[in-house]
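Colleague: I have a model open and would like to go through it with you. May we start with a single residue and its surroundings?

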Amino acid sequence: MDGSDLTRTLTKKETLQLRQKFVGQSCKLFFKADPIKIKRAKEQYMFDEEGNRYLDCINNVAHVGHCHPEVVSAGTKQMALLNTNNRFLHDNMVLLAERLASILPEPLSVCYFVNSGSEANDLALRLARAHTHAEDAIVLDHAYHGHTTAVMDLSPYKFNAHGGTGKKPWVHVAPSPDIYRGLYTEINSPGKDLAELYANEVKQIIERAEADGRKIAVFYAESLQSCGGQVIPPPGYLRNVYKFVRQAGGVCVADEVQVGFGRVGTHWWAFQLQGEDVVPDIVTLGKPMGNGHPISAVVTTAAIAASFASNGMEYFNTYGGNPVSCAMALAVLETIEKDRLRENAITVGAYLIEHLSELKKKHYLIGDIRGCGLFVGIELVQDHRTRKPATVEAEEVIYRMKESFILLSADGPDRNVLKMKPPMCFSKENSDEFIAKLDEILTEIESNESENDSSSISAPKDLKTLNEKTDSSSPLKCLQAY
């Protein structure tokens, strides 16, 4: 091989060939039939090797915008001075810990810095078990908490999937609090408190576990389920669940890896949507924290931290809390406030949901629009009454969007929920571009299915009437509208 690899230029074909040869086959690509080779990115846009610009609707890692100059500058300046481990004193780590504690409710005040959301959730499990002297965990169905061995066992999204090893005896799975297609909905439980019904499922799990001689150590929940299909728990759900878990001697973990740092707009953290009095015992942070640089954190109470320290074992993480990562995380927090990105999430998110809700009246494939801030789900269904998932149609939308230079993904147990978690600088103009293209694509799909007289699609005779009948406003506003 001639020359430096740093200056070597590869064609897309060569890059793909080298990846297939030297990178594990389990590492999957977006759009595997025709993957995109990205060369650079800025703000809410990504650019391929031919200079084509893609609107990024899915990258919740580049939280304040791809390659934000303030974040890049903070990292490069610190890298030119020093990067080392946290056994040495350095201002950046303690300043970041102080800043995180200041935007979290009391008594969350003690920080551990790691490198990924998976590591954060893995460490949170150790903290919970050290404090409770118990082993068992309760998780939500379809939850994803990471890829280490321990947190894979906490993730039905993985252990129930192809290649998964199934549920371990110490793991208990509660129904996802999905009020559109879950165990309890306004259709099968009219007039009932859905939050109470879902919370009581957790209570019953605790009772059964105790009857079997088991003890609950921890309840894990993403504050808003992302991989589970952009699920927003009904108001009061976490308040009730946290009460039941604590009465059983367990602690509660809020996984904010995908939805934290102001994405919901009105609050810094998505668990705060459930009420100011709803405070977890441990919070895990990750993806957006470094705007693409690997840094994450676990924040807990002084009491739980003391329990973890009491066994005498040192906790050390080589790169966790290093000066460069902490400098970039501090810059991310400063940028969120300086660029008023929480305010932007409120304004643009409301605009997006409003116009998507209008689009829903036109397209029978759209079953539900839900979201808060710049966390939005568009659930596609084949029938508004049965809510049968439109999985094939969702996949077609994703690929058609890619052909139109818009990056989107689908998830949920049936892969029928279009997920929107764009960089926080996403604009109303970006929303208009996305909605116009979605309208065009759905019109063509529905037209083709109508021409083919597809038996799998059931369009209501009066879609407007059905939408009005099932439309409801959540007490949390902006969250869910059928």
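Modeller: Certainly; please note that this is a predicted model. Beyond its neighbours within four places in sequence, glutamine 44 is in contact with Tyr54, Leu55, Asp56, Pro423, Cys425, Phe426, Ser427 and Asn430.

Colleague: Where is glutamine 44 placed?

Modeller: Glutamine 44 sits in the loop that runs between strand E1 (38-42) and strand E2 (45-48).

Colleague: Does glutamine 44 count as buried or exposed, and why?

Modeller: Glutamine 44 counts as buried because its relative accessibility is 6%, and buried means under 20%.

Colleague: What does the side chain of glutamine 44 reach?

Modeller: That side chain reaches the backbone oxygen of cysteine 425, at 3.2 Å. Cysteine 425 is also among the residues in contact with glutamine 44 listed above.

Colleague: Turning to helix H4, what is its reach from first C-alpha to last?

Modeller: Helix H4 covers residues 117-132, 16 residues in total, and reaches 22 Å, close to the 22 Å expected at 1.5 Å a residue.

Colleague: Which residues of H4 are buried?

Modeller: They are Gly117, Ser118, Ala120, Asn121, Leu123, Ala124, Leu125, Leu127, Ala128, Ala130 and Thr132.

Colleague: And what phi does histidine 133 take just after H4?

Modeller: Histidine 133 has a positive phi of about 55°.

Colleague: Now cavities: how many are there of 30 Å³ or more?

Modeller: The count is 1. The largest cavity holds about 40 Å³ of space. It is lined by 10 residues, of which Ser223, Leu224, Pro233, Leu273 and Gln274 are the closest to its centre.

Colleague: How does the lining of the largest cavity divide into nonpolar, polar and charged residues?

Modeller: The lining of the largest cavity has 8 nonpolar residues, 2 polar and no charged.

Technical notes
Residues numbered from 1 in each chain as written. Predicted model: local features only at pLDDT ≥ 70, side-chain atom pairs only at ≥ 80, totals over all residues. Heavy atoms only, no water. 1 Å grid on protein atoms, 1.4 Å probe; cavity = no way out; pocket = protein on both sides within 12 Å on 5 of 7 lines; lining within 4 Å. Points joined across faces, edges and corners; volume = space filled by probe spheres on them. Nonpolar A, V, L, I, M, F, W, Y, C, P; charged D, E, K, R; others polar. Helix = DSSP H or I, 4+ residues; strand = E, 2+ residues; numbered from the N terminus. Expected span 1.5 Å × (residues − 1). Buried < 20%, exposed > 50% of the residue type's maximum accessible area, 1.4 Å probe, protein only. Polar contact = N/O pair within 3.5 Å; in protein donor to acceptor, adjacent residues only side chain to side chain. Contact = heavy atoms within 4.5 Å.
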